[in-house]
Amino acid sequence: MPDNDVLREMHHQMVRIRLFEESIQQAYLEGKTPAFDIAAGPVPGEMHLAAGQEPVAAGVCAHLRASDAVTATHRPHHIALAHGMDMKRLAAEIFGKETGLGHGRGGHMHLFDAATNFGCSGIVGEGIPTAVGHALAYKKQGRDNVAVSFFGEGAANQGAFHEALNLAALWKLPVLFVCEDNAWAISVPKEKATAIANNADRAAAYGIPGVLVPDNDPVAVYEVAGEAVARARRGGGPSLIEVKTDRLLGHFEGDPQMYRSPEELARLKDRDALRAFERRLIETAVLTAADAQATWDRARAEVDEAIQFARTSPYPEPAAALLHVFA
Amino acid sequence: MAVETKRLLTTSKAISEAFAQEMERDPSVFLMGEDIGVYGGIFGATTGLLERFGPERVMDTPISETGFIGAAIGAALSGMRPVAELMFVDFFGVCMDQIYNHMAKIHYESGGNLKVPMVLTTAIGGGYSDGAQHSQTLYGMFAHLPGMKIVVPSTPYDAKGLMISAIRDDNPVLYMFHKGIMGLGWMTPNPRATGHVPEEPYTVPIGTADVKRAGRDLTIVTLSLMVHRALDAAEDLAKEGIEAEVLDLRSVIPLDREAIVASVRKTHRLLVVDEDYQSFGLSGEVITTAVQGAFDSLDAPPARLAYPDVPIPYSRPLEQFCLPNREKIVAAAKQLLA
């Protein structure tokens, strides 16, 4: 069981992630009503939010150093923030501003941050091999860093997933593969896409540990990830972790979600892992109700400041689009 | 009688020497790829390196291109300088996403904050009846996609210097060697695949074309094995009093547009010889460059001799019908001057 400071910090991370994404959702919808125009408003393009998946990010990243590489997906904000990415620069990148991580060249699916060794990919499964490469470098350099790759259950059917696991196992690299099983690949449910119930079982194909975390619970994730990260740091090779998590929102903002019933969505909202975790911390006296409120207030202030920074930052010079193709 | 002191090497040995010297110089350089260890690379580019540097720095990989090219990208992001060999360019289809969506774009998407210093080497070209999936050149297709430099040498000297430049470059470099320039014992003998290569390390700048033969009557812009064919053709043309200038591009990205324009301004005629598919590719780009930069100097419409827009056939007469060669270059040059 993690100590109370860790519990409180995971709660804090989950709260600031949730509030950040709620603010991004609001900003995203600006200018997109009454008719939804994906190109309109201060945040154009696609927007994939991770409400419900915070436990995975908080539980895993609690074990990481900024120098540990992390690769994520088209749905990257919760992982980026939990790994320590600067919230202002993240927000500014989402708003397409000069002060953003990539000076507006990447956008919300293509976040790259040297300070936290963070990268992500909008192509399903294709961010996984990069993590193997970070780990390969660590091994060659004699560093005790680890690389962590987050991906969805849909990605576990991609060749890149299997190639990456085979290489990492073959070369005994310090990698943690984290499958966020939110049960839906856009509109296709897992049982219609994947021949087995649990992706963790696929670890057996590569002779590495595979652990299923059946509950969307940051403590359970923390325990399992801690063991895997420690094993990787001491040269014990890669692990696969699968977490059964929830996607409370659509695949992207504007997703009509015809594939899920209102009853199911209501059920998901009722079991919101963040609220459940908070209730438990209060019940077990890790947090008082006032502590919890203070955490929300602190996060609210941080998020408001980041969004304000993004809104008031200048856009890049248009012709700067032609820069940085080559180093 | 003068004593021959110049050391001669095949192109494959020149490339292998570049690898060895850079690995000696820089511990962050390592090689990975299929059959590059004990085998020494199917086209001999890594012969002897496993014995010298060991399996940690000369890594045989599984046939898992998305995996190991992706791993090279990650290693490059974390401070290494990997060289990943993918045996044939035709195989890129199974791992294209890693190349054009990741290797080539991360630097840009990061706003210049991250670098991907890696070399991706591969063999290109046909002419030996290896069929539609083992004979393509495809540099035009990669050149169309922003974010990677593309090096295509023609001689042993250039091959070594360009490889050293590629390894030291902070950008991803796609290094494409034609099987016919490597000097392999199991390919049709090519005397131009052996040449003088200095023993010491040296660089040849990426993005600088080279006049392999000076001439006044027409410019033949070409690259890779077709440089050899063009030089052969130029010898034939010279016997008829036609002096062709042969400009070897050496790299496709960056393209040395100034050299193309300067040569066309001098000779007033342009023939592009290209083993890549004709349409929507390199030959069109070179001609556009000449028309935009030297329109007033042109005495005739630019011409091109490229691979027709068909998959590469197996049977010898079929493939040879499609490939540019010495005789076709001579004929095209004469037509340009007629």
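Let's start with the sheet in chain B: five strands make an open sheet in the order E9-E11-E10-E13-E14, with mixed pairing. Strands here are DSSP runs of E with at least two residues, helices are runs of H or I with at least four, and both are numbered from the N terminus. Two strands pair if DSSP finds at least two bridges between them. At the edges sit strand E9 (210-213) and strand E14 (303-307) of chain B, each pairing on one side only. From one strand to the next, the twist averages 25°; angles run from 0 to 180 degrees between N-to-C directions, with axes being lines fitted to C-alpha atoms, for helices over the stretch in contact.

Before going further, a word on what you're looking at: this is a predicted model, where local features need pLDDT of at least 70 and side-chain atom pairs count only at pLDDT 80 or more, while totals for chains, interfaces and linings use all residues. Residues are numbered from 1 along each chain as its sequence is written, and chains are lettered from A and ligands numbered from 1 in the order in which they are written.

Now zoom in on E10(B), residues 218-222. Five of its five residues are buried, meaning that 20 or more other C-beta atoms lie within 10 Å of a residue's own (12 or fewer makes it exposed, anything in between partly exposed, with C-beta atoms placed from the backbone). Both faces are covered, with B:Leu218, B:Ile220 and B:Thr222 on one side and B:Thr219 and B:Val221 on the other.

What does E10(B) pair with? Strand E11 (residues 244-248) of chain B is one partner, parallel over five bridges, and B:Thr222 has B:Asp248 as its bridge partner there. Strand E13 (residues 270-277) of chain B is another, parallel over three bridges. In E13(B), B:Thr219 is matched with B:Leu270, and B:Ile220 with B:Leu271.

The helices come next. E10(B), helix H8 (residues 225-239) of chain B and E11(B) form a right-handed β-α-β unit; right-handed means that, with the strands pointing away from the viewer, the path from the first strand over the helix to the second runs clockwise. H8(B) lies across E9, E10, E11 and E13 of chain B and runs at about 170° to E11(B). Helix H12 (residues 326-337) of chain B lies across E10, E11, E13 and E14 of chain B, at about 160° to E14(B).

Where do the two chains meet? The contact takes 35 residues from chain B and 35 from chain A, two residues being in contact if their C-beta atoms, placed from the backbone, lie within 7 Å. On the chain B side, H3 (65-77), H4 (96-103) and H5 (106-109) each supply at least two residues, and the largest share, ten residues, comes from H3(B).

Over in chain A, there are ten helices and eight strands. Of its 327 residues, 51% count as buried. The C-alpha atoms fill a box of roughly 55 × 50 × 40 Å along the principal axes.

For a local stop in chain A, try A:Gly107, in the loop between helix H4 (87-94) and strand E2 (118-120). A:Gly107 counts as buried because it has 21 C-beta neighbours inside 10 Å. Leaving aside neighbours within four places in sequence, A:Gly107 is in contact with A:Gly45, A:Glu93 and A:Gly96. A:Ile94 is 13 residues away in sequence, yet its C-alpha is 5.3 Å from that of A:Gly107.
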